[in-house]
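Hi,

Here is the structure I promised to pass on. Have a look at it first, and then read on for what turned up.

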Amino acid sequence: MQLPILESRGKIIETVFQNQVTIVVGETGSGKTTQIPQYLYHAGFAKDGIIGITEPRRIAAISTAEFVAKQLKMPLGGLVGYQVRFDDTSCDGTQLKFMTDGILLREFQSDPDLRKYAIIVVDEAHERSQNIDFALGLLKNLLKRRKDLKVVVASATIDEGKFSRYFDNAPVINVSGRMFPVTTAWSEKNIPEEKMVDAVVGKVREIHEQESLGDILVFMTGQDTIHAVIEGLEELHLSDLVTIPVYAALSQEEQQKIFAAYPGKRKVVVATNIAETSITIDGIVCVVDSGLVKQSNFHPESGIESLDVVEHSQAGCEQRKGRAGRTQAGICYRMYTQENFQARTKFTEPEIRRTSLASVVLAMEDIGIKDIREFDFIDPPEKEAFFEAYETLIALGAILREKKGLTETGKSMARLPLEPRIARMLLEAAKHNCVKDVSTIAAFLSVRSIFVRPKEKEVEADAAHYRLKVPSSDALTFLKVWRAYEQAGFSSSWCFGNFLNAKALQEVVKIRTQLFEILSREGMELTESKDQDAIAKAVSVGLAYNLFEHRSRQWYRGVLRTNSEVAIHPSSAVFGNMGLHWVVACEIVRTTKVWARGCTAVKPEWLPDIAPPLYKFGEPILDSYTSGEDWVVAKKPVLFRDQIVGYAKSKITIPEAARIQQERIREATAKGMIALTFKKAPGLFGSLDNMVAELNGVSYKTWSHYDVEEEQTYYCTTEDFIGRKYARTAFKVFNLPEHEGEKATAASIQPSALDNLARHWGARLK
């Protein structure tokens, strides 16, 4: 077939030769994605370096690379290769390299001048993902340094005037026409979201019964609605219909099924907007467009991220329509009215203006961009978004407040192709020898919910889930589920019996393996631990900016996000555990309330490592000693603005304990405290025994006999009350074994202490 873009081949090549930046606007189906890279290759641009082509999604990068290699009659992995996260088929001889925009950003981090590239083609620029906008800004800056570098920006639906102005009035080439016409069938009324699944199932059935042969592509909002549509179609028992889901969380193997042929059957692909661009599925004749899209929106002032179902933009709907008409005339069934379409926004709001910038800022710092807030984005984010990103990275220890550049921790985080919180968890896990455990938890955080609650079986499901949950932590719950799943031989029937999502757990297996490969390449040892506290602490350090303190009833207030107040989500293993003072959360979402999801209880002794600006350790205190042992239990107070909020206990050596005790005795003596050894004395009228001490003929009674043990020495403050002297204990003195000829007991210091006290009180020693 002769693609429409062929007519513009000469103009495209000439314009690229004469300009640093060329913008190509080609209608969906014109062939720009597969043909422009080949035109540039045949024109000789690869002689000066690699022709790099970015696609917004891995499935698009892979399938396009395979198609181009086939057209060039070359094996994939040689002249034509691709690189996506966890998979790289490129080699030293690759001249046409297809990659995700995230991979291009990794290339910038390793070489800010992209010296091995001659041309960068940014395909599907209209998607305006965070990575695309960041890459465009980096390329614009790089063009000033590398006058030999060429950039081609390609898209079907784009604000071409804005893009041209952004690149200093770069020339725009319009490629019109698609292979076959696509007509539009409008709905007589707008279908509400809650009725969309049933309406789409009905529409597919109608098409299947009334239309001639041809495959169908359905656009839904997410995994849940996709599977609901597939279940609805399967219940119709149409033997000549095969249904295939496609969304980002599916494995590469599962995604590739949409390209397979099913002889004698009509294929129905049910997809998110992953199938909206770059993916050409042969045989698609009909498109059913719900007109809805699931869009993430981040609110930097509160740290709340909401995943909202919204009406898709006009440009996005046109992209969906263009998926039909590739091999024959097509039709697009829109589940909304023409009036509704015309009232929609023309272009989708850029992702960089509605998501957290922490990953972007970390990459920018790693690349060495000096004035990040003034970086030339095509649509600059709000200042609040930059502030939130910096606060997140400061909380993770990647950046120090009031200092430029990344810390060593930040540099290590930037080297890992993972979002900042996951990278920080894994770095902390390496310190506590639990890298495999935390990697497993990270894999669970990358998939949809593993817990299933079928209608009319909620009670059985909750009971099954309860047996798997760890009340102190969703992260440890994931680990418990993994171990049980592993022991069950990764059985799908075991998942079914325990009301767990088998497909989600299969994806966990793959992501976990991929994480291990990444960490091994980075030289990180894959350690494993049975210490649940170490694992939970590592996870908590990665979620530092989502640290919350209990305030009242179900409400927790942000520690670092001081304006945030959340409730634990009912789906959390932590929900209903009223004894938790601090928790961290994986995400904060707003629905009926502001909910904290993916929660883990935090022990007070972890706080100085999680939020060092606010919490710190005080001087250690001896806590207990058992005669004959060669160690002493000490505790460090955890301080918040000089208030003790908890203690961290640890074992220390006898010499270290002796040093701590002697120092504390010296400080107590200087403050006028006295050493008292208490004994029991009968209480009046048969009441409980009193604890009293005698010193220099003076009797002291303790305020609370629960605070002291008989025949034990304590340093105390004293006071008079109704003609009697009372002692308030400050700390206990332990009779530690002698070390290196020096006794570490109260007796070794007491004489000088008593002399000082005698002079202080005017008493006469015997």
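Let's start with one residue: where does Ile722 lie? Ile722 sits in the loop that runs between strand S30 (713-721) and strand S31 (724-733). Before we go on, please keep in mind that this is a predicted model.

Is Ile722 buried or exposed? Its relative accessible area is 74%, and the cut-off for exposed is over 50%, so Ile722 counts as exposed. Ile722 also has company at the surface: together with Trp703 and Phe721 it makes a nonpolar patch of about 340 Å².

Now zoom out to the whole chain. The protein chain has 766 residues, and 54% of them count as buried. Its secondary structure comes to 24 helices and 31 strands. If you drew a box around the C-alpha atoms along the principal axes, the box would be roughly 115 × 65 × 45 Å. The chain exposes about 35,900 Å², and 48% of that area is supplied by carbon and sulfur atoms. Look at the contacts with a separation of 6 or more, too: 67% of them are between residues 24 or more positions apart.

Next, find helix H1, which covers residues 9-18. Which of its residues are buried? They are Ile12, Ile13, Thr15 and Val16. Seen down the axis of H1, these buried residues fall within an arc of 165°, so they line one face of the helix. This bit of background helps: an α-helix has 3.6 residues a turn, so residues three or four places apart point the same way. Turn H1 around and you'll find Lys11 and Gln18 exposed on the other side. And what do the buried residues of H1 pack against? Their partners are helix H2 (32-42) and four stretches of strand: S1 (21-26), S6 (117-122), S7 (150-155) and S8 (172-175).

One last stop is Thr513, which you'll find in helix H20 (residues 502-521). Thr513 has a relative accessible area of 38%, which lies between the 20% and 50% cut-offs, so it is partly exposed. A polar atom of the Thr513 side chain lies 3.0 Å from the backbone oxygen of Val509. For a sense of scale, try finding Gln210 as well: Thr513 and Gln210 are 303 residues apart along the chain, and their C-alpha atoms are separated by 46 Å.

Have fun clicking around!

Terms used: Residues numbered from 1 in each chain as written. Predicted model: local features only at pLDDT ≥ 70, side-chain atom pairs only at ≥ 80, totals over all residues. Heavy atoms only, no water. Patch = residues over 30% accessible without salt bridge, like charges linked within 9 Å, V, L, I, M, F, W, Y side chains within 5 Å. Areas by Shrake-Rupley, 256 points an atom, 1.4 Å probe, with all protein chains shown as cover. Salt bridge = Lys/Arg side-chain N within 4 Å of Asp/Glu carboxyl O. Helix = DSSP H or I, 4+ residues; strand = E, 2+ residues; numbered from the N terminus. Buried < 20%, exposed > 50% of the residue type's maximum accessible area, 1.4 Å probe, protein only. Polar contact = N/O pair within 3.5 Å; in protein donor to acceptor, adjacent residues only side chain to side chain. Arc of directions from axis to C-beta. Contact = heavy atoms within 4.5 Å.
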